[in-house]
Every structure is written in C-alpha cells, then in structure tokens.
Amino acid sequence: MDGVLFFDGKCGMCTRARNALLRMNRTGRLRTEPLQKPGTAERLGVAPEHLMESVWWLDSSGEVFGAAKAANAALSAALGTRLPLWVYGVPGVGAVQEHVYRWVATHRYRFRGVTPWCESAPSECVSA
C-alpha cells in the first residue's frame, strides 16, 4: 500500500504526528503533504469547505480516505502491514476510532506540538 497523507500543516500537533509517522516509515511508501498545498482539494476530490476537517489519505490506487481510516492507512503504509486497517475494520473498532479522531481533530490546536510545517516550509503552503 502506497500513498500520500495530507495533514494540517498549520497545526503543531498534526505536524508532530506526521513526523512520528515518518520516523516509523520503514517501507518508504508513505509520503506526506500539507492540506494547505495549492490544488489539494481538487486532487483529493474533496469540497474545499470540508478539506480541513480531517487528515486525508490518497492511495496509489486513487482511493481517498478521511479521518481515522486515513490515519490507519498511513500507518499501514509506513509499517508495511495492513494490520492497522484490519483492526479498524473489526466491528465497532472503526466507530470508536472515528469518534476519538473527531474529538481530537476538533481540539487539535489545544494540544502540544512542534513548529507547524507551514512555518518551517512556507513555500509548500498557501499564504494566508
């Protein structure tokens, strides 16, 4: 499984999570891009007003996942196993993960993070 994880590049917690995933990327199949990169909504086929609601996964097959499923897909790519996606698919587990994900995503700017990606690599992000 290859793909791109799109994350909130203006969020320090999101950048920290992205960095942790890249440290686990033993396969080299995980790539990341900030949601703020021009053309991202069109590339994902997501309405611009919904783009910042979650992380997004664009699979090499062209499939797009959002939220907890996207995070599981990224972890699967990094680790080289579909186990995270399998666990997500266990009845009830995905629903719990989505609930937790939504809460964290809604409060993401309150969590401790690192320098947001868009501050360290502003050329990759749309200027606000």
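This is a short tour of a predicted model, moving from its helices to its salt bridges and ending at a few single residues.

**Stop 1: helix 1**

Start by selecting residues 12-23, which make up helix 1. This helix has 12 residues, and its first and last C-alpha atoms lie 17 Å apart, close to the 16 Å expected at 1.5 Å a residue. Now colour its buried residues: Gly12, Met13, Cys14, Thr15, Arg18 and Leu21. Show the neighbours as well, and you will find that the cover over these buried residues includes strand 1, strand 2, helix 3, helix 5 and helix 6.

**Stop 2: helix 3 and its two ends**

Next, select residues 67-79, which are helix 3. With 13 residues at 1.5 Å each, helix 3 should span 18 Å; the C-alpha atoms at its ends are 19 Å apart, which agrees. Many alanines will light up if you pick out the buried residues here: Ala67, Ala68, Ala70, Ala73, Ala74, Ala77 and Ala78 are buried, along with Asn72 and Ser76.

Zoom in on alanine 67, which belongs to this helix. Is alanine 67 buried or exposed? Its relative accessibility is 1%, so alanine 67 counts as buried. Its backbone deserves a look too. Most residues other than glycine have a negative phi. Alanine 67 is not a glycine, yet its phi is positive, at about 60°.

Then go to the other end. Glycine 80 follows helix 3, and its phi is also positive, near 75°.

**Stop 3: helix 4 and a surface patch**

Move on to residues 83-89, helix 4. Tryptophan 86 sits in this helix. With a relative accessible area of 57%, tryptophan 86 is exposed, because the cut-off for that class is over 50%. Switch on a surface and add two more residues: Leu83, Trp86 and Val87 together form a nonpolar surface patch with about 320 Å² of accessible area.

**Stop 4: helix 5, a helix with two faces**

Select residues 93-106 for helix 5. Its 14 residues should span 20 Å at 1.5 Å a residue, and the end C-alpha atoms are indeed 20 Å apart. Which residues of helix 5 are buried? They are Gly94, Glu98, Tyr101 and Ala105. Turn the view to look down the axis of helix 5: the buried residues fall within an arc of 65°, so they line one face of the helix.

The face turned away from that buried side carries the exposed residues Ala95, Val96, His99 and Thr106. To see what covers the buried residues of helix 5, display strand 4 (64-66), helix 3 and helix 4, which are among the elements involved.

**Stop 5: salt bridges**

The whole structure holds 4 salt bridges. Begin with arginine 29 and aspartate 2, whose side chains meet at 3.8 Å, N to O. Arginine 29 is in the loop between helix 1 and strand 2 (30-34), while aspartate 2 is in the segment before strand 1 (3-7), so this pair ties together parts that are 27 residues apart in sequence. Arginine 29 is partly exposed at 30% relative accessibility, and aspartate 2 is partly exposed at 30% as well.

Now select aspartate 8 and arginine 108, which form a salt bridge at 3.0 Å, N to O. This pair links distant parts of the chain, 100 residues apart: aspartate 8 is in the loop between strand 1 and helix 1, and arginine 108 is in the loop between helix 5 and helix 6 (117-120). Aspartate 8 is buried at 3% relative accessible area, and arginine 108 is buried at 11%.

**Stop 6: lysine 37 and its surroundings**

Finish with a salt-bridge network that links Glu33, Lys37 and Arg43. Within it, the side chains of glutamate 33 and lysine 37 meet at 3.6 Å, N to O. Glutamate 33 counts as buried at 13% relative accessibility, whereas lysine 37 is partly exposed at 32%.

Where does lysine 37 lie? Lysine 37 is in the loop between strand 2 and helix 2 (40-44). Leaving out residues up to four places away in sequence, lysine 37 touches Glu124 and Val126. For a last distance label, pick the C-alpha atoms of lysine 37 and tryptophan 117: these residues are 80 apart along the chain, and the two atoms are separated by 11 Å.

How values were computed
Residues numbered from 1 in each chain as written. Predicted model: local features only at pLDDT ≥ 70, side-chain atom pairs only at ≥ 80, totals over all residues. Heavy atoms only, no water. Helix = DSSP H or I, 4+ residues; strand = E, 2+ residues; numbered from the N terminus. Expected span 1.5 Å × (residues − 1). Buried < 20%, exposed > 50% of the residue type's maximum accessible area, 1.4 Å probe, protein only. Arc of directions from axis to C-beta. Contact = heavy atoms within 4.5 Å. Patch = residues over 30% accessible without salt bridge, like charges linked within 9 Å, V, L, I, M, F, W, Y side chains within 5 Å. Areas by Shrake-Rupley, 256 points an atom, 1.4 Å probe, with all protein chains shown as cover.
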